[in-house]
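Hi everyone, thanks for coming. Let me put the sequence and the structure up on the screen, and then we can walk through a few side chains together.

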Amino acid sequence: MDTSAADLEARQLCILRRIEELELATEQRRLEALSISDAKAEVEPEGTEVRLSAILAARGVHDFAFRRVPADYYDRSLEERREILAAKSVSQLCKSIVMVNTKAAADVSDCSNLKNSKYYVVIVQYMARLNAETIKNFLYALNENQIPKKRFNMRLAPEEESCMLTGFVHNAVTCIGMRTDIPVIIDEAITKLDEDFFWLGGGEVDLKLGMRTSQFLKAFNPFVVNCS
């Protein structure tokens with residue numbers, strides 16, 4: 001073998017070894033990535049669905065379901081949303097709204113007093129129009145007229161406050177598993193639905209939660225108010 005042929009063979013062997021080293025390095029990175037993923041799964045085994053399911057089951061709500069919805073869910077009509085959720089009626093489609101009492105006394109700054117809370121979560125149907133005045137009148141009566149009516153002025157809480165209090169972003173808010181124990185008001189119309197089942201946010205924008213109304217009422221004991 002002449003010198004040129006020997007040099008060529010040596011270069012080829014060098015190239016082959018380099019390719020082998022690169023393949024081994026790639027495989028090592030893949031295995032490390034898998035290990036990291038497995039470790040994360042072990043540290044964070046509970047997603048939103050699992051966490052909320054545990055809360056519902058512990059409170060005695062056993063008839064519930066979660067549905068993943070398309071990214072354009074909120075761009076669709078109520079009828080299309082009904083079909084996605086397999087609901088019987090659009091009247092079952094509801095939302096949870098965080099409301100703040102903007103006229104509360106200075107010493108009312110949290111949710112420790114159910115009758116006179118700074119914030120309330122109100123569950124209403126998408127097809128309904130929320131009447132804040134009826135909530136104001138309800139709270140006034142709830143406090144046996146001991147607090148001046150001018151101290152009640154319920155308004156939609158800013159999105160940042162809602163997220164901070166509930167732990168859920170816009171279009172994902174649910175009254176189950178909130179970061180803060182906010183008193184809940186449910187519109188009376190929802191409790192009178194023939195289906196005894198309603199849908200609302202599930203803690204993630206593309207996750208919806210449906211549950212048996214009668215079980216929800218018994219488990220969470222919300223204020224039932226004719227507010228639409």
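Let me start with a term: helices here are DSSP runs of H or I with at least four residues, strands are runs of E with at least two, and both are numbered from the N terminus. Two bits of housekeeping next. This is a predicted model, where local features need pLDDT of at least 70 and side-chain atom pairs count only at pLDDT 80 or more, while totals for chains, interfaces and linings use all residues. Residues are numbered from 1 along each chain as its sequence is written, and side-chain values use heavy atoms, with hydrogens and water left out.

Our main character today is Arg82, which sits in helix 3, residues 78-85. Is Arg82 buried or exposed? The cut-offs are these: buried is under 20% relative accessible area, exposed is over 50%, and partly exposed is in between, using a 1.4 Å probe and protein chains only. Arg82 counts as buried because its relative accessibility is 18%.

So who does Arg82 touch? Contact means heavy atoms within 4.5 Å. Setting aside neighbours within four places in sequence, Arg82 is in contact with Ala87, Lys88, Ser89, Val90 and Leu93. Looking further along the chain, Trp199 is 117 residues away from Arg82, yet their C-alpha atoms are separated by 9.6 Å.

Now for the charged partners. A salt bridge, for us, is a side-chain nitrogen of Lys or Arg within 4 Å of a carboxyl oxygen of Asp or Glu. How many salt bridges does that rule give? The count comes to 6.

One of them belongs to Arg82, whose partner is Glu79, with the closest N and O atoms 2.7 Å apart. Both residues lie in helix 3, 3 residues apart, about one turn of the helix. Glu79 is partly exposed, at 37% relative accessibility, whereas Arg82 is buried.

Another salt bridge links Arg76 and Asp72, at 3.1 Å from N to O. Here Arg76 is partly exposed, at 28%, and Asp72 is partly exposed too, at 33%.

Then there is Lys192 with Glu188, where the closest N and O atoms are 3.7 Å apart. Lys192 is exposed, with a relative accessible area of 57%, and Glu188 is partly exposed, at 27%. Finally, Arg68, Glu204 and Asp206 are joined into one network by salt bridges that share partners.

That's my tour, and I'm happy to go back to the picture with anyone who'd like another look.
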